[in-house]
Amino acid sequence: MSASSQDRSQENTIYVGHLPRNSTEDMIHQLLSPYGTITRVTTRIFSMSSNAFVTFATHEEAANAIRECNYTKINGQTIQISWYEYKPKEYAPDSKLVITNLPTSVDESQLHEALEAYGPVVNCSIHRNIRGESTGVGSVQFENADDAKAAHEALQSAMIAGQTITVDFYKPIDKRQDIILKLPPTVICVSGPPELITPENLKSMFAEYGEICSTKVIESYGVVFFENQASVSRANAEFNNPKLTVTTSVRKEIQQTIIGIVESQRVFFSDLYSTSEEEIRAHLETVGKVTSLELRQRSGGYWIGVAQYESEEARNNAIQTLDRSVFGSQVTPIRVLPYYDKRLEHPSAGLLQVNELPCYTTVSALREEMRAHGNVIAISIVATTQGTFIGYVLYEEYSQAQRAHTDCKHSNTFVYPPLSVNDIVGAFCDNLQARIVVCYNVDASETTETFRKKMSPVATVDGIWLASDDGKKTIIFSCMTPSGVVSAVNFLRSHGTDCDVLGVHIMQRANHILTSVPMPKDVRERLLYCSGLGTGTTPETLRKEFESIGAVESAMVLYSPLNNDSTQKGVVLFRESPDAVVALKTPPNSSEFTQNFTVQEFRVRGENHPDRSHSMPAPNTQMFYEQQRQQQQQQQQLPTSQSQHGVHSRGHQNQQQPQTRQDFRPREVMRNFIKKRGDPMLQQKLLEEAAKICVSGVNEIARDENRMLQWLEETTKTLK
């Protein structure tokens, strides 16, 4: 169908709603065919009703069907017919009225006819109970707000069939304060004489039903916070005092206040190995009493949970001191983050990226430093195969991230657009998939060869990289499996090595945000996209090359979350837009970049900048992330170059050309090797372990029979 014929079809299509669930196309034809030629009928069936889209041969026939059949009753159910809208029309906030205390004899057609005197009516509805009987409440959607206001003013104190009706403007549920909402499952509210509702009285009256965390008085309500839901059920069923009423549903403003109190004392934790609830509780209670603990195991084998502390102070201490901590048999760091209830509105969070972190910076040191600029919710560091380190700092408020960007000591930082805290905070959890380990303060004589030899009895190391800043040396290495990470970290810590496990999930999310969330106008006028960077181009060298044109606010190299390699793409943010214009026209010419180096105006998906006539063709950022992923998967299947395990000093360009791709299937080679050489009793488990190895890891092992044999021996020993 051509675009023009499709538009004509939409002009002739009507929507038929509130149909009985058992409605058929024949019934719809029987009802509407007297008013014109029907060319198409599409029905949709739901649990309690159905609807249909009906296309007529002409627009006039469709209009006639709406005029004659709207509000017709089918099997006792009033249907509603209106024009089909490809994109639902958004009406002004004050264009809809709610009318209460209507006589139950008034139906939709009568209400429509009465209200049409004040202006065009889109639709009317009568709220009905499960038996189809009117509840005396109706709603009217006008075409425009002025007509609705005229009707609202004229119908104040109006009477219908001896009943005085009430007319109000409609308010969405999220804007209403009079609506009654459920409390959290461990909370009850008590109403009654004020002299009886005191924190002390509440505690003594309800202590028999279970452990009480706290009691408060909010407006005229007494609020009791129990440790578990069973106590609420008992109190709600058994409490008997004629002067007091117990409820679990209250007005919205009360509910929101109570949810806010609960939220302020809760933490979310993740990245836990299978461990006992007692061990987890004991660790969490090192900063304060935990009143309730909920644990859930995810499909990936790791555990997540929510803990309720006795006070807000204890909860804040847990976030600051227990996040990324280890305990007992837990070797990799857990995440302890603020819990955010989706029923509450929260200010937009700010995500700050620090692009040139010194290699010796630990997560705890970065947290302590960045706390000076605002409330830090979460923090992570990502290490790359270039030996560079990138910090990600999430602030509770966007303005705090902007302040840190301006005032912190780091010269190369980037602030992402304002983000929903519910959407971004979970990206700081790696779900036990992190396979990058960093060793700090390494001896100056240590090399990649000596380190690999040291680690060979413990874990299969995938790649090793060195970094140094200010005379301090750091080793970065990756393991092929999560179990290898645990073995490696246990070994290193037993030998007194200061090490940490770093994830990549936040980098993956940040890359997605960069290419999908629109930037503020003042930022996108200064933001450029680069491709064709050298494999050794780091954020520092990228920044320095563009500083030959003007002051650079931020320079980022985009790394693949699959293997932490450079994608040879980057983003540069100038301080002044005229410098960005110059860089677009005359990009820097440097040996740091490849012959295919280009600079383009940065755009996220679907953005257009008609006011930037000087811009070059925009990159195809709509498929940027997926293309990046595919390219990295292809690169990982190439024969491994010697530089993968070599020293990557900052500013050093590695221009080695990859070898030609061969017809090589590493996972198939591994499977055949296991079937041929593996213990028959453990063959299935060995195949399952092999399937967990990352793409680059299995590619390297499968190319070397000695490496396959080493992996097989180590894994067999572990499984036994």
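Buried here means under 20% relative accessible area. Keep that cut-off handy for this predicted model.

**Exercise 1. Work out whether C408 and C439 are buried or exposed, and how many disulfides the model has.**

Step 1. Take C408: its relative accessible area is 8%. That is under 20%, so C408 counts as buried.

Step 2. Now C439, with a relative accessible area of 1%. C439 is buried too.

Step 3. On to bonding. A disulfide needs two cysteine sulfur atoms within 2.5 Å. For C439, the closest cysteine sulfur sits in C499, 5.5 Å away, so that pair is too far apart for a bond.

Step 4. Count up for the model: 0 disulfides.

**Exercise 2. Find which face of helix α3 is buried, and what it packs against.**

Step 1. Helix α3 spans residues 59–69, and its buried residues are E61, A62, A65, I66 and C69.

Step 2. Look down the helix axis. The buried residues of α3 fall within an arc of 140°, which means they line one face.

Step 3. Check the face turned away from that buried side: it carries E60 and R67, both exposed.

Step 4. See what the buried residues meet. They pack against β1 (13–19), α2 (25–32), β3 (50–56) and β6 (80–83).

Step 5. Finish just past the helix, where Y71 follows α3 with a positive phi near 70°.

**Exercise 3. Lay out the open sheet of 4 strands and place helix α10 on it.**

Step 1. Write the order down: β20-β21-β19-β22, paired antiparallel.

Step 2. Pick out the edges. β20 (290–297) and β22 (335–338) each pair on one side only.

Step 3. Add the twist: ignoring direction, neighbouring strands in this sheet are turned by 20° against each other on average.

Step 4. Zoom in on β20 and β21 (residues 303–309), an antiparallel pair joined over 7 bridges. Within this pair, V290 stands opposite Y309 of β21.

Step 5. Drop in the helix. α10 (residues 312–322) packs on the sheet and touches β19 (266–272), β21 and β22. The direction of α10 makes about 140° with that of β22.

**Exercise 4. Describe the surroundings of S214.**

Step 1. Locate S214: it belongs to strand β15, residues 212–218.

Step 2. Judge its exposure. With a relative accessible area of 18%, S214 is buried.

Step 3. Skip neighbours within four places in sequence, and the contacts of S214 are V223, V224 and F225.

Key: Residues are numbered from 1 along each chain as its sequence is written. This is a predicted model: local features need pLDDT of at least 70, side-chain atom pairs count only at pLDDT 80 or more; totals for chains, interfaces and linings use all residues. Side-chain values use heavy atoms; hydrogens and water are left out. Buried means under 20% relative accessible area, exposed over 50%, partly exposed in between (1.4 Å probe, protein chains only). Two strands pair if DSSP finds at least two bridges between them. Helices (H or I, at least four residues) and strands (E, at least two) are DSSP runs, numbered from the N terminus. Axes are lines fitted to C-alpha atoms, for helices over the stretch in contact, and angles run from 0 to 180 degrees between N-to-C directions. Contact means heavy atoms within 4.5 Å. The arc is that of the directions from the helix axis to the C-beta atoms.
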